[in-house]
Amino acid sequence: MADHPNITVAANSYDAMAKGNWDYLRDELLADDVVFHVPGQGSLARDYRGKDEVLGYLKRLAQSTGDTLRMEPRTYLVGDDHVAAMLSVYAEREGRVLEDTGLQVYRVTGGRISERWSYPDDPGAVDAFFAS
């Protein structure tokens, strides 16, 4: 199951984010019409549409945490055009630490991420952590 192409796409996206390899993420992994759905009530909560908005969001997360943000998949669940990653999330910011678990569900179309939904275990803690 680990060789499923949808798992490879999701795993490669986490690797690219961890390395700050934004060009690879944009050019190889994201569909042109990609949408990321970010839940919560905080300033980051909304839908991000298109490669520029999605990359801007991901870069903002990385920069606001001094590149300490880590999303570590623990298990993947895969279907024909979706893959879900159960993950641990860790970040530091302004003397605070975020440790959360959650689920991210990807829709993969033509070998690229066309949509992602995030489901943190504690959305309120995530909102508070990223509040200005």
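Q: Why is Asp 23 called partly exposed?
A: This is a predicted model, in which local features need pLDDT of at least 70, side-chain atom pairs count only at pLDDT 80 or more, and totals for chains, interfaces and linings use all residues. Residues are numbered from 1 along each chain as its sequence is written, and side-chain values use heavy atoms, with hydrogens and water left out. Buried means under 20% relative accessible area, exposed over 50%, and partly exposed in between (1.4 Å probe, protein chains only). Asp 23 comes out at 45%, so it counts as partly exposed.

Q: What makes the pair Arg 26 and Asp 23 a salt bridge?
A: The term asks for a side-chain nitrogen of Lys or Arg within 4 Å of a carboxyl oxygen of Asp or Glu. Here the N to O distance is 3.1 Å, so the pair qualifies. Arg 26, at 27% relative accessible area, is partly exposed.

Q: How are Arg 26 and Asp 23 placed in helix 2?
A: They sit three residues apart, which means about one helical turn separates them. Helices here are DSSP runs (H or I, at least four residues), strands are E runs of at least two, and both are numbered from the N terminus.

Q: Why does Glu 72 with Arg 70 count as a salt bridge?
A: Their closest N and O atoms are 3.0 Å apart, so the pair meets the rule. Glu 72 has 29% relative accessibility, which makes it partly exposed. Arg 70 has 40%, and so is partly exposed as well.

Q: What about Glu 94 and Arg 93: which one is buried and which one is exposed?
A: Glu 94 is exposed, because its relative accessible area is 63%. Arg 93 is buried, because its value is 11%. The two side chains still meet in a salt bridge, at 3.9 Å from N to O. Elsewhere, shared partners link the salt bridges of Asp 23, Arg 26 and Asp 27 into one network. How many salt bridges does the rule give? The count is eleven.

Q: How do you know that the length of helix 1 fits a helix?
A: The expected span is 1.5 Å times one less than the number of residues. Helix 1 (residues 5-19) has 15 residues, so it should span 21 Å, and its end C-alpha atoms are indeed 21 Å apart. Just after helix 1, Gly 20 takes a positive phi of about 65°.

Q: Why is Ala 16 called buried?
A: Its relative accessibility is 3%, so Ala 16 falls under the cut-off for buried. Ala 16 lies in helix 1, whose buried residues also include Ile 7, Val 9 and Met 17. Among the elements that the buried residues of helix 1 pack against are helix 2 (22-29) and helix 3 (50-64).

Q: What does Ala 16 touch, beyond its neighbours within four places in sequence?
A: Ala 16 is in contact (heavy atoms within 4.5 Å) with Asn 21, Tyr 24 and Leu 25.

Q: What makes helix 2 roughly antiparallel to helix 3?
A: Their axes come within 11 Å and cross at roughly 150°. Axes are lines fitted to C-alpha atoms, for helices over the stretch in contact, and angles run from 0 to 180 degrees between N-to-C directions. Angles under 35 degrees count as roughly parallel, over 145 as roughly antiparallel, 65 to 115 as roughly perpendicular and the rest as oblique. The crossing angle is therefore in the roughly antiparallel range. Residues making the contact include Trp 22 and Leu 25 of helix 2, and Leu 55 and Leu 58 of helix 3.
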